[in-house]
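Subject: Structure handover

Hello,

Here is the structure I promised to pass on. Please open it first, then read my notes below.

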Amino acid sequence: SRLTADHVHALHRLAHDLLFESNPRYVFRRQELESSLGTQSSEPVLTSRFANRIDPVFDEFAFLHASFQEYFAAAHTRVLSAQSRDELIERTFFSTSRFIVLQFMAGLGASVSEQCHRHAIMWLQSQDRFRQVLTRVARVVAAGRWPSSDSHGIGGLLRRELWSDINREHD
């Protein structure tokens, strides 16, 4: 049997659940995969190598690479409500282990990217003592590939803040 779009969407859901249900996990059991797939067979997923058995004795699987899981989790946000996405965007911005998912979300385009853009503008308005917000916003903007001439001017704002930081270091 062949891997279908429905299988891939189930992988999106599984990846999201593993990273955002509680503590982020990269290892899952076959039952979790099958639960995410519903009535579909797990064989096309397992033979696709998106998910691999990581231990021949125990019932443990993982995505081929963490980047696949993180991208799939980001792709799943397309089906979430705007409010759920807002909550997730805030949660991932301040997370050390899930921040990469936000970067993938910023690069997805359409409404997901637009929401990330709005949040980036808000975050840039807040200052923190160690300038972590500035650094993280810069990473989100780079991932979103938003032009410096965008209508909200985040590129210009970010550039001014970064130069301001550089100038402060040399004073």
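The chain contains 9 helices and 3 strands. Please keep in mind that this is a predicted model. Reading from the N terminus, the order of elements is α-β-α-α-β-β-α-α-α-α-α-α. The C-alpha trace spans about 60 × 30 × 25 Å along its principal axes.

I looked at two helix pairs and one cavity.

**Helix 1 and helix 2**

Start with helix 1 (residues 5–20) and helix 2 (residues 30–37). Their axes come within 8 Å and cross at roughly 125°. An angle between 115 and 145 degrees counts as oblique, so helix 1 is oblique to helix 2. The crossing of helix 1 past helix 2 is right-handed.

Which residues meet here? Helix 1 brings His7, Ala10, Leu11, Arg13, Leu14 and Leu18, and helix 2 brings Glu32, Leu33, Ser36 and Leu37. By class, this contact of helix 1 with helix 2 has 6 nonpolar, 2 polar and 2 charged residues.

**Helix 4 and helix 6**

Next, go to helix 4 (residues 66–76) and helix 6 (residues 99–106). Here the axes come within 8 Å and cross at roughly 55°. Helix 4 and helix 6 are therefore oblique to each other. Helix 4 also passes helix 6 in a right-handed crossing.

On the helix 4 side, the contact residues are Ser67, Glu70, Tyr71, Ala73 and Ala74. They meet Ile100, Val101, Phe104 and Met105 of helix 6. The contact of helix 4 with helix 6 divides into 7 nonpolar, 1 polar and 1 charged residues. Ser67 is the polar one and Glu70 the charged one.

**The cavity**

How many cavities of 30 Å³ or more does the structure hold? The count is 1. The largest cavity encloses about 40 Å³ of space.

Its lining is made up of Trp123, Leu124, Ser126, Gln127, Asp128, Arg131, Val133, Leu134 and Glu161. Helix 7 (110–125) and helix 8 (132–144) each give at least two residues to the lining of the largest cavity. To find them, look at Trp123 and Leu124 in helix 7, and at Val133 and Leu134 in helix 8.

By class, the lining of the largest cavity has 4 nonpolar, 2 polar and 3 charged residues. The charged ones are Asp128, Arg131 and Glu161. Ser126 and Gln127 are the polar ones.

Best wishes

How values were computed
Residues are numbered from 1 along each chain as its sequence is written. This is a predicted model: local features need pLDDT of at least 70, side-chain atom pairs count only at pLDDT 80 or more; totals for chains, interfaces and linings use all residues. Side-chain values use heavy atoms; hydrogens and water are left out. Axes are lines fitted to C-alpha atoms, for helices over the stretch in contact, and angles run from 0 to 180 degrees between N-to-C directions. Helices (H or I, at least four residues) and strands (E, at least two) are DSSP runs, numbered from the N terminus. Angles under 35 degrees count as roughly parallel, over 145 as roughly antiparallel, 65 to 115 as roughly perpendicular and the rest as oblique. A crossing is left-handed if the near helix is turned anticlockwise from the far one by less than a right angle, and right-handed if clockwise. Contact means heavy atoms within 4.5 Å. On a 1 Å grid over the protein atoms alone, a cavity is a set of points where a 1.4 Å probe fits but cannot get out, and a pocket is an open set with protein on both sides within 12 Å along at least five of seven lines; lining residues have an atom within 4 Å of a point. Grid points are joined across faces, edges and corners, and a volume is the space filled by probe spheres set on the points.
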